[in-house]
Amino acid sequence: MQEQGAGAALVGLAVLIQRRYAEICAEHDLTPAQAHLLCMLMDQPRGLTELSRLLGLARPGLSGLVDRTERRGLVRRDNPAHDRRAVTLSTTPQGKKTVDALYADVSTRLPDLLDHLSPAERRNFETIAADIAAAAGLPEAFGGSCPRRC
């Protein structure tokens, strides 16, 4: 068997995780992009500028995503009283219910990918993955010190 190398191993792992995540999202009638948006709003409303940065989307792409998710009744736009030009996005009651169910599934089913590892290997993997994410400057909302993200 030919040795893979880190690049091939990381690509394979990314594909595996993305497939599992997409399956879980589909079971909740969400695209992965809609799921990411809801997860960013899970614990607090956020402004569109902050969401654009966290999701790595340009304003037009974010606007389209928000429009589609809003039409489904999962998010709502609000204008803060102190600045009528600003737009804040939050989940609706249906959006909160959806993201809570999604989070529960992601929290249970993604870690299943590690079931074949020993407890020590699993802790080692978690440490290495967290170090890689931190070194890459991954936004906190995607796993830094914030535990409730999907």
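## The pairing of E2 with E3

Let's start at the sheet of this predicted model: Arg77 has Leu89 as its bridge partner in E3. That pair belongs to the neighbourhood of E2 and strand E3 (residues 88-91), which run antiparallel and are joined by four bridges.

Leu89 is also a good guide to how E3 is enclosed. Leu89 and Thr91 are buried on one side of E3, while Thr88 and Ser90 are buried on the other, so that both faces of the strand are covered.

## The whole sheet

Stepping back, the sheet is open and has three strands in the order E1-E3-E2, with antiparallel pairing. Its edges are strand E1 (46-47) and strand E2 (75-78), each of which pairs on one side only.

E1 and E3 run antiparallel too, with two bridges joining them. Here Gly47 is the residue standing opposite Thr88 in E3. A helix joins the picture as well: helix H4 (residues 59-71) lies across E2 and E3, and its direction is at about 120° to E2.

## The overall layout

The protein holds six helices and three strands. Followed along the sequence, they give the pattern α-α-β-α-α-β-β-α-α.

The C-alpha trace spans about 60 × 30 × 25 Å along its principal axes. Of the 150 residues in the protein, 30% are buried. If you look at contacts between residues at least 6 apart in sequence, 56% of them join residues at least 24 apart.

## H1 against H5

Now to the helices. Two packed helices are described by the angle between their axes and the distance between the axes. For H1 and helix H5 (residues 93-109), the angle is about 150° and the axes are 10 Å apart. Angles over 145 degrees count as roughly antiparallel, and H1 and H5 are therefore roughly antiparallel to each other. Their crossing is right-handed.

On the H1 side, the residues that meet H5 are Arg20, Tyr21, Ile24, Cys25 and Glu27; their counterparts in H5 are Leu102, Asp105, Val106 and Arg109. Sorted by class, this contact of H1 with H5 has five nonpolar residues, four charged ones and no polar ones.

## H1 against H2

H1 also packs with H2, at an angle of about 80° and with 9 Å between the axes. That angle makes H1 roughly perpendicular to H2.

Tyr21, Ala22 and Cys25 are the H1 residues here, and they meet Pro32, Ala35 and His36 in H2. The contact of H1 with H2 is made up of five nonpolar residues, one polar residue and no charged residues. Tyr21 and Cys25 are worth a second look on your screen: both are listed in the contact of H1 with H5 and in the contact of H1 with H2.

## The loop between H1 and H2

What sits between these two helices? Asp29 lies in the loop between helix H1 (6-27) and helix H2 (32-40), and His28 has its place in that loop too.

Are these loop residues buried or exposed? Asp29 counts as exposed because its relative accessibility is 54%, whereas His28, at 18%, counts as buried. Asp29 has a further feature to check: its phi is near 60°, a positive value in a residue other than glycine.

For His28, setting aside neighbours within four places in sequence, the contacts are with Thr98, Ala101, Leu102 and Asp105. Leu102 and Asp105 appear again among the H5 residues that H1 meets.

## H2 against H3

The last helix pair to visit is H2 with helix H3 (residues 48-55). Their axes come within 11 Å and cross at roughly 125°, and H2 and H3 are therefore oblique to each other. H2 passes H3 in a right-handed crossing.

His36, Leu37 and Met40 of H2 make this contact with Leu51, Leu54 and Leu55 of H3. By class, the contact of H2 with H3 has five nonpolar residues, one polar residue and no charged residues. His36 is a residue to note, since it is named both here and in the contact of H1 with H2.

How values were computed. Residues numbered from 1 in each chain as written. Predicted model: local features only at pLDDT ≥ 70, side-chain atom pairs only at ≥ 80, totals over all residues. Heavy atoms only, no water. Buried < 20%, exposed > 50% of the residue type's maximum accessible area, 1.4 Å probe, protein only. Axes fitted to C-alpha atoms, helices over the stretch in contact; angles between N-to-C directions. Parallel < 35°, antiparallel > 145°, perpendicular 65-115°, else oblique. Left-handed = near helix turned anticlockwise from the far one by under 90°. Contact = heavy atoms within 4.5 Å. Nonpolar A, V, L, I, M, F, W, Y, C, P; charged D, E, K, R; others polar. Pairing = 2+ DSSP bridges.
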